[in-house]
Amino acid sequence: MHSRFTSPFFATSAIACFAYSALALVLLHILRPDYALATSMISAYANGRHGWLMTTCFLGMSCGCLMLLVGLARSGPRSVAARIGTVFLGIASIGMAGAA
């Protein structure tokens, strides 16, 4: 039985999630020009009228990390360093979901 959830599927999904997050962040910079890019944390965008957009940005980053984790765990390198990297991707995914 061939699964339709292959490594290219997870890679493409991760790229789509990260692309959405980047576009949402750029849009927030346009919608909230009162925040200085160099001195404000991106989490500050979660406050205010457009906070929902930052929430979806964090969820997009979380899903992107999760897609990378699953893709690498299924068919990525099997070294100890690679396994440690997938654990860190899992931690990052949980952290981003928690930030949302």
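**Entry 1: Ser62**

I looked up whether Ser62 is buried or exposed in this predicted model. Its relative accessibility is 7%, and buried means under 20%, so Ser62 counts as buried. I then noted that Ser62 belongs to helix α2. Leaving aside residues up to four places away in sequence, I found that Ser62 touches Ser93, Met96 and Ala97.

**Entry 2: α2 against α3**

I next turned to the helix pair in which Ser62 takes part. Two packed helices are described by the angle between their axes and by the distance between those axes. For α2 and α3, the latter covering residues 80–99, I recorded axes that come within 8 Å and cross at roughly 160°. An angle over 145 degrees counts as roughly antiparallel, so α2 is roughly antiparallel to α3. The crossing in which α2 passes α3 is left-handed.

Which residues of α2 and α3 make the contact? From α2 I listed Phe58, Met61, Ser62, Cys65, Leu66, Leu68, Leu69, Leu72 and Ala73. From α3 I listed Thr86, Leu89, Gly90, Ala92, Ser93, Met96, Ala97 and Ala99. I sorted the residues of this contact by type and obtained 13 nonpolar, 4 polar and no charged.

**Entry 3: α1 against α2**

I examined the packing of α1 with α2 in the same terms. Their axes lie 8 Å apart, and the helices pack at an angle of about 160°. I therefore entered α1 and α2 as roughly antiparallel to each other. Here too I noted the handedness: α1 passes α2 in a left-handed crossing. The residues of the contact of α1 with α2 divide into 19 nonpolar, 8 polar and 1 charged.

**Entry 4: the largest nonpolar core**

In soluble globular proteins, nonpolar side chains tend to be buried together. I asked which residues make up the largest nonpolar core here. I found 9 residues in all: Ala24, Leu25, Leu28, Tyr45, Leu53, Met54, Cys57, Phe58 and Met61. Helices α1 (7–31) and α2 (51–75) each supply at least two residues of this core. The largest share, 5 residues, comes from α2.

**Entry 5: Phe58**

I ended with Phe58, a member of that core that also appears on the α2 side of the contact with α3. What does Phe58 touch, not counting residues up to four places away in sequence? I recorded Ile42, Ser43, Met96, Ala99 and Ala100. Met96 had already appeared in my notes among the residues that Ser62 touches.

Key. Residues are numbered from 1 along each chain as its sequence is written. This is a predicted model: local features need pLDDT of at least 70, side-chain atom pairs count only at pLDDT 80 or more; totals for chains, interfaces and linings use all residues. Side-chain values use heavy atoms; hydrogens and water are left out. A nonpolar core is a set of buried Ala, Val, Leu, Ile, Met, Phe, Trp, Tyr and Cys residues joined through side-chain atoms within 4.5 Å. Buried means under 20% relative accessible area, exposed over 50%, partly exposed in between (1.4 Å probe, protein chains only). Helices (H or I, at least four residues) and strands (E, at least two) are DSSP runs, numbered from the N terminus. Contact means heavy atoms within 4.5 Å. Axes are lines fitted to C-alpha atoms, for helices over the stretch in contact, and angles run from 0 to 180 degrees between N-to-C directions. Angles under 35 degrees count as roughly parallel, over 145 as roughly antiparallel, 65 to 115 as roughly perpendicular and the rest as oblique. A crossing is left-handed if the near helix is turned anticlockwise from the far one by less than a right angle, and right-handed if clockwise. Ala, Val, Leu, Ile, Met, Phe, Trp, Tyr, Cys and Pro count as nonpolar, Asp, Glu, Lys and Arg as charged, and the others, Gly among them, as polar.
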